Each structure stands twice: as C-alpha cells, then as structure tokens.
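Got your viewer open and a cartoon on screen? Here is a short tour, with something to select at each stop.

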Amino acid sequence: MKNFREALSERVLLFDGAMGTEIYKRGVFINRSYDEVNLTAPEIVKQIHESYVAAGADIITTNTFGANQIRLLPFGLEDRHDEINASAVRLAREAARDKAWVAGSIGPIGTQLSPIGKVSPGEAFFAFKRQANILNEQGVDLFVLETFAHLPELWQAVRAVRSLTNKPIIASLTFRPVSGQDRAMQQNTVRMAIETMRGWSVDVIGTNCCNGPRGVLDIVETMKANTQLPLVAMPNAGMPQVVEGRTLYLAGPEYMAEYARRMAQAGAQVVGGCCGTSPET
C-alpha cells in the first residue's frame with residue numbers, strides 16, 4: 001500500500017467504525033473487558049475487522065482502546081497487557097492484509113489526572129508508553145489516540161508515542177454535546193484546544209464520539225477555521241436513545257453517508273465512525 005502520509009495529502013481517507021458496540025451485538029456483555037476478547041473470542045474481533053475492510057475502510061483500528069495497564073487493572077488483566085495488545089495487532093493485520101492500514105488505538109486511562117484524580121501525569125505517560133511500545137513492535141502503521149476529553153492527558157499519550165516512533169499520529173478529542181447558545185462556548189473551547197495542540201508533533205487532529213454527525217460537523221468547521229493540520233471526524237451514529245430499556249443508536253446509513261460527505265466538504269481529510277456505527281453505516 002501507499003505510504004499513509006502520502007495518501008493523506010491526496011484524498012479523503014475512510015476510517016472504520018465502532019468496535020465496542022459491534023462486540024456487544026455479538027453477545028459479549030458490558031461487564032467484561034472488551035479488549036480481552038482479543039484472547040477469548042478472537043474470531044469475533046477478526047470478523048468485525050474483515051467486515052469493515054469489505055465495506056471499504058482505508059484504516060482499521062486495533063481492539064485496544066481500553067488496553068492500557070491502568071484500565072486493565074480492575075478486570076485483573078494487568079499481567080495480560082502485552083498479550084492483549086499484541087493479539088489485537090495480529091488480528092487487525094490478518095484482516096487488513098494489503099487492503100487497509102492498521103491504526104493502533106490508544107484511549108484514555110479512565111480517570112482524571114492529579115491533582116483532581118489519583119493518577120499522576122508521569123504514571124499516565126508510562127502506561128501509554130508501555131501500550132504504544134507493544135503496538136509499535138507488532139507493526140501498526142499509525143496510531144490513533146481517541147476519545148480524549150482532557151488535553152493534559154492527550155499530551156501525555158502523544159509524548160509517549162513520540163518517544164518511541166515517528167509513525168503517524170492521529171490525535172482526537174471528544175467534546176460534550178451542546179445546543180443553542182452553548183455552541184459559542186464550545187467553539188471557544190475548540191479554538192483553545194487547537195491553540196494548545198498547534199506545536200504538537202502529530203499528523204492529524206480532530207474529534208470523535210459523544211456527538212452525533214451534526215455536532216461533529218460544527219466542531220470540524222470550527223477546527224478548519226483555526227488550523228492547517230489535516231482533520232479527522234468520527235461521530236457516533238446519532239445521539240443514543242433509550243428504547244424500552246435498551247440504548248440504541250438510530251442514525252441510518254443514508255444519514256451517516258450524507259454527513260460524511262458534508263464533513264469532507266468542510267475540510268475533514270479522514271472520516272469514520274464511533275459508537276453505534278457499523279460496516280453498513
């Protein structure tokens with residue numbers, strides 16, 4: 001395949017969609033570590049990857065969003081950290097073959113950093129570095145640091161990856177949904193985030209999760225007006241709705257496709273999906 005950075009400069013690239021909600025659809029309950037599924041039911045993970053490749057994804061994401069040592073600890077899985085991450089890359093690589101790039105997914109540690117939380121920035125850095133080291137050694141093509149709500153934590157993840165490799169980094173923030181006059185406040189928050197990230201050594205910045213396509217489009221438009229960096233946009237499949245006790249994402253393929261087109265027109269050079277999306281959407 002062509003070099004990722006080269007392709008990024010030539011056309012809009014398509015990320016895959018959700019992994020967690022797809023695993024849930026296949027009968028894995030939410031009280032389990034979905035990262036451990038790489039070991040206990042690898043066929044599920046590989047089939048999801050293969051479905052996204054068949055649907056045309058240029059980039060598929062390893063099933064490692066929560067596979068840092070801090071998030072694995074409550075499940076009693078810290079000692080399987082390396083195995084979980086290595087297996088995730090292997091499964092993604094087998095599905096991607098030469099048709100898609102494999103992005104090593106790194107998510108937040110699951111708690112705020114000190115002084116608000118109990119985890120220090122240094123502890124977060126070493127957790128991210130340990131995970132990134134396994135993903136890098138196993139041969140991911142790039143890294144996607146996704147669903148980060150706090151810039152100081154995202155910075156520790158960026159710093160950890162960059163201490164190991166010069167491979168491409170996609171750094172993606174999540175912003176809480178807003179409406180009405182709160183949108184002006186969100187625009188200011190987005191602009192401040194862009195200003196902070198301006199000097200970071202990353203290839204793509206953007207947003208994913210929490211917001212549906214309309215909210216993500218608003219954020220992309222604000223980002224585009226404030227940076228020359230390539231942008232990524234990965235919305236949920238609409239806002240989650242509780243229907244007869246079940247949490248559902250109701251946005252269909254046509255709706256998601258229309259907003260994918262709008263986000264590309266607004267300046268997103270990488271477009272994909274987050275919670276509730278599927279190979280069809």
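A word on vocabulary before the pockets come up: Ala, Val, Leu, Ile, Met, Phe, Trp, Tyr, Cys and Pro count as nonpolar, Asp, Glu, Lys and Arg as charged, and the others, Gly among them, as polar. Keep in mind too that what you are looking at is a predicted model.

**Stop one: the sheet.** Colour the strands. Eight of them form an open sheet, and the pairing is parallel. Walking across, the order is S1-S10-S7-S6-S5-S4-S3-S2. Now pick out residues 13-14 (strand S1) and 59-61 (strand S2), which stand at the edges. Each has a single partner strand, so one side of each is left without a neighbour in the sheet.

**Stop two: S3 and S4.** Select residues 101-106 for strand S3 and 142-148 for strand S4; the two pair in the parallel sense over four bridges. For one bridge in particular, show Gly104, whose partner in S4 is Phe143. Then add residues 151-162, helix H8, which packs on the sheet and touches S3, S4 and strand S5 (169-173). Look down the helix against S4: the directions of H8 and S4 make about 170°.

**Stop three: the largest pocket.** Turn on a surface and centre on Met19, Gly20, Thr21, Tyr34 and Cys275, which lie nearest the centre of the largest pocket among its 41 lining residues. The space in there comes to about 1,200 Å³. Which elements give two or more residues to the lining? Highlight helix H2 (20-25), helix H5 (69-72), S4 and strand S9 (246-248). H2 gives the most, with four residues. Colour the lining by residue class and you get 18 nonpolar, 16 polar and seven charged.

**Stop four: the second largest pocket.** This one holds about 300 Å³ of space. Select Leu14, Phe15, Gly272, Ser278 and Thr281, the closest to its centre of the 21 residues that line it. Next, show residues 253-265: helix H11 gives the most to this lining, with five residues. By class, the lining of the second largest pocket divides into 13 nonpolar, six polar and two charged.

**Last stop: Met192.** Go to helix H9 (residues 182-197), where you'll find Met192. Is Met192 buried or exposed? Its relative accessibility is 51%, and the cut-off for exposed is over 50%, so Met192 counts as exposed. To finish, draw a distance from the C-alpha of Met192 to that of Asn226: they sit 34 residues apart along the chain, and the separation is 9.7 Å.

Definitions and conventions: Residues numbered from 1 in each chain as written. Predicted model: local features only at pLDDT ≥ 70, side-chain atom pairs only at ≥ 80, totals over all residues. Heavy atoms only, no water. Pairing = 2+ DSSP bridges. Contact = heavy atoms within 4.5 Å. Axes fitted to C-alpha atoms, helices over the stretch in contact; angles between N-to-C directions. 1 Å grid on protein atoms, 1.4 Å probe; cavity = no way out; pocket = protein on both sides within 12 Å on 5 of 7 lines; lining within 4 Å. Points joined across faces, edges and corners; volume = space filled by probe spheres on them. Buried < 20%, exposed > 50% of the residue type's maximum accessible area, 1.4 Å probe, protein only.
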